[in-house]
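Here's a quick tour of a few local features, meant to be read with the coordinates open. Pull up the model and follow along.

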Amino acid sequence: MCAVVLVSMSSSLAFAQQKIPTPAVPSEILNGTGVALSGDTLTVSGTSIRLYGIAAPLAGQTCETRYGKSYDCYRRSTDVLQVLIGGLDVVCTVTTKDRNGQKIGVCRAGGSDLAGAIVSRGWAFAYRRLTPAYIGNETFAESRRLGIWAGKVEMPWQWRSRHLSD
């Protein structure tokens with residue numbers, strides 16, 4: 001089991017509790033027990049939801065520490081999301097679906113926006129092509145070299161593209 005290091009709540013609370021623009025009219029609100037499936041996807045009472053506006057490392061993706069040691073950043077990102085969920089009830093506002101039918105929404109645990117919290121801790125990226133909502137969170141994490149920003153990391157969409165062409 002890997003250790004999960006989180007930034008203190010006081011240093012990233014402003015980002016985690018910021019008002020996140022809702023991308024569309026809510027189509028569904030889910031609440032219940034949350035379980036992290038990846039750093040940007042969770043289930044709420046058995047329904048899978050991808051967090052709006054972010055992208056986390058993908059299954060099979062590795063990163064490097066600042067000392068050049070490789071580690072499973074997908075697993076670490078997933079673990080951090082699970083810690084953020086904790087034993088709290090999760091409330092998700094589902095606003096859309098992707099081309100594969102995956103529900104996408106804004107999810108909160110204990111009042112904190114999960115996407116903002118994981119990005120501000122450095123374990124996911126702002127998905128800038130979709131929304132500017134989490135750019136400040138990412139800048140915060142990168143400037144402090146938190147999470148994946150402490151070493152070398154490849155953006156998930158670049159990693160996916162490179163591995164699809166192999």
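## Strands, a helix and a glycine

Let's start with one residue pair: Gly34 has Val44 in β2 as its bridge partner. Keep in mind that this is a predicted model.

That pair belongs to a bigger pattern around β1. The strand has an antiparallel partner in β2, with 4 bridges between them, and the link from β1 to β2 is a hairpin of 2 residues. β1 also pairs with β7, again in the antiparallel sense, and there Ile29 sits opposite Thr93. Here are the two pairings side by side:

| Pairing | Residues | Bridges |
|---|---|---|
| β1 with β2 | β2: 41–44 | 4 bridges |
| β1 with β7 | β1: 28–38; β7: 89–97 | 6 bridges |

Now for α2, which covers residues 73–85. Does its length come out as expected or not, and why? With 13 residues at 1.5 Å a residue, the helix should span 18 Å, and its end C-alpha atoms are 18 Å apart, so the two agree.

What caps the N-terminal end of α2? Asp72 does, with a side-chain oxygen 3.2 Å from the backbone nitrogen of Tyr74. Tyr74 is also one of the buried residues of α2, a list including Cys73, Asp79, Leu81 and Ile85. After the helix comes Gly86, with a positive phi near 55°.

Last stop: Gly116, a residue of helix α3 (residues 114–120). Buried means under 20% relative accessible area, and Gly116 has 0% relative accessibility, so it counts as buried. Its C-alpha atom is 9.7 Å from that of Val106, which is 10 residues away along the chain.

Key:
Residues numbered from 1 in each chain as written. Predicted model: local features only at pLDDT ≥ 70, side-chain atom pairs only at ≥ 80, totals over all residues. Heavy atoms only, no water. Pairing = 2+ DSSP bridges. Expected span 1.5 Å × (residues − 1). Buried < 20%, exposed > 50% of the residue type's maximum accessible area, 1.4 Å probe, protein only. Polar contact = N/O pair within 3.5 Å; in protein donor to acceptor, adjacent residues only side chain to side chain.
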